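Let's take a walk through this one, starting with its charged pairs and ending with the empty space inside.

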Amino acid sequence: MFKATNILFQRAAPAAKKYANLLRDPSKKYSPFKTVHLPDRNWPNKTITKAPRWLSTDLRDGNQSLPDPMTVPEKKEYFKKLIEIGFKEIEVSFPSASQTDFDFTRYAVETAPDDVTIQVLTQSREHLIRRTVESVKGAKRACIHTYLATSDLFRDVVFNMSKDEAIAKAVEATKLVRSLTKDDPEMQDTLWTFEFSPECFSDTPTDFAVEICEAVKNAWEPTVEQPIIFNLPATVEVASPNVYADQIEYFCRNITEREKICVSVHPHNDRGCGVAATELGVMAGADRVEGCLFGNGERTGNVDLVTVALNLYTQGVAPELDFSDMESIIAVSERCNKIPVSARAPYSGSLVVSAFSGSHQDAIKKGFEKAAKRDSQKWAIPYLPLDPKDIGRNYEAVIRVNSQSGKGGAAWIILRSLGLDLPRQLQVEFSGAVQDTADLLGRELKSDEIVELFKERFMAERTSVLNLKEFDIFRNKDSDDSSREINASLDINGKTISVYGKGNGPISAFIDAISSRFGTYFEVIHYSEHNLGTGSQGKAATYIQLSYINSNGEKVKKWGCGVHSDVSEASVHAIISVVNSLIESKEIVI
């Protein structure tokens, strides 16, 4: 009795431990986020119809989050790739932080195309601002980005600063930047932009965010032609994306001189909703998006710009960024960040265009078949929202085969690799062979392995015992028009033999010849054919399923496939493939 009770206790122990740290009632420790009162919100009815302005902060925000920050050569390589992709605004560094960052900023200024704005970040402190402005001196286009924490939590806990003190600090920094840039007669060769971020905007009372930005705007005095940028960051993602959208719409409604303002969003991904928050933020009125390729950044990262851009692309909106060579972009990112791009990352992941499931594979295969028959250029393939070719990938990875795959997967690979459109019954038989092989090897099968397996099982072109040398089909003059006779020379292990048969056509005549020679009588169960290619280079593919009675008296069915420029010879090859299979399994003794 004691032993039984002790066992029950031991089994129950893990369940009790489950709540040792995780609170049963988390409301005692955590509070729900306060929403914005916006009963007449408009953003839910909006649609994104054009790309926002993009800012890459890979080299600044992304780089500062890396356990092993980029070297100068790596930053140069990354910067070059961002230019190739098409970014016109790039935040390159925190130049007052180190000489390395300052020197790289000078490199960016000296090498950037004339239409690219070099953005640099600085704290709202005089000596840091002066050093930052110095780093971009001589640039064609430059943006000085200052920030100040505005949430109650940061003002009270970190800085011990009142709202009035925060406003005064932000205005002071703005006036200093203005005096050093657009108001300085010696700085007129540069097109200056100013960006201010009420840091932790997502956790800031929205009316206070508007108030401090109004003060900054009045100090900078933007114009319609040269608007000020207000970045409204979800520095820490503390609420659901709809709340962030409400905050953005509230800000856009209540800030004055909206036409002189570029509203930018910089969502982080703490709740895993960065992409959604970005899209809803743009719907709510944001003009610009800040983030990193593949979502690198502090904690759970910045918003993934690749995903946001290609989300637009797959909705028919040109993102104005070029991801047509995705593999090279991934290579640069992984090499410089030393962080792999997840195999399941949207669009960019190595597995996101791959289907292993049989039902998925079948749907994709049918989608491609129907697309080939449609006149429309519209992309409509099940399970694939993006054509892999648009980002520089081929269709080889679309369907991949393992033990979980169905008939459609292996058939797709044979179709793509050999042009053979297998009959359904042959698809079923071949998929069984593929699954058995995958189970035996304990892994996914590569395309070339699947092709070789098909040739080995069903095609006469493989290394085999029995091979066709030549044959001649002729009509029996004493019979009706459909009667045919065949004389064929076969090679069996290097020895030539002759066979003769007759029937109501070439196929039945050759089957009669083979049956007579080997004492095994065959019956055609299924026959189909189709063309491979067109014109003088075209060939015929034939599929033949034969039945016979084995040594146990059971009726067995076997498939063979043949390819040749002559349809009759293709059929003969298919029949020989079946016979070779039986010779190898010792069901036919030669």
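Keep in mind that this is a predicted model. It holds 27 salt bridges, and a few of them are worth a stop.

Start with glutamate 89 and arginine 53, whose closest N and O atoms sit 2.9 Å apart. Glutamate 89 belongs to strand S2 (residues 89–93) and arginine 53 to strand S1 (residues 53–56), so this salt bridge ties together parts 36 residues apart in sequence. Glutamate 89 is buried, at 10% relative accessible area, while arginine 53 is partly exposed at 32%. This pair isn't on its own, either: Arg53 and Glu89 are linked with Glu195, Arg288 and Glu290 in a network of salt bridges.

Next up is glutamate 74, which pairs with lysine 338 at 2.6 Å between the closest N and O atoms. Here the glutamate is in helix H3 (residues 72–85) and the lysine in the loop between helix H12 (326–337) and helix H13 (358–373), so the bridge ties together parts 264 residues apart in sequence. Glutamate 74 counts as buried because its relative accessible area, 15%, is under 20%. Lysine 338, at 37%, is partly exposed.

Now for the empty space. A search of the whole structure turns up three cavities of 30 Å³ or more, and the largest has about 70 Å³ of space. What lines the largest cavity? Its residues include Phe33, Ser202, Glu237, Pro241, Tyr244 and Ala277. Helix H9 (residues 241–254) supplies the largest share, three residues. By type, the lining divides into seven nonpolar residues, three polar and one charged.

Definitions and conventions
Residues numbered from 1 in each chain as written. Predicted model: local features only at pLDDT ≥ 70, side-chain atom pairs only at ≥ 80, totals over all residues. Heavy atoms only, no water. 1 Å grid on protein atoms, 1.4 Å probe; cavity = no way out; pocket = protein on both sides within 12 Å on 5 of 7 lines; lining within 4 Å. Points joined across faces, edges and corners; volume = space filled by probe spheres on them. Helix = DSSP H or I, 4+ residues; strand = E, 2+ residues; numbered from the N terminus. Nonpolar A, V, L, I, M, F, W, Y, C, P; charged D, E, K, R; others polar. Salt bridge = Lys/Arg side-chain N within 4 Å of Asp/Glu carboxyl O. Buried < 20%, exposed > 50% of the residue type's maximum accessible area, 1.4 Å probe, protein only.
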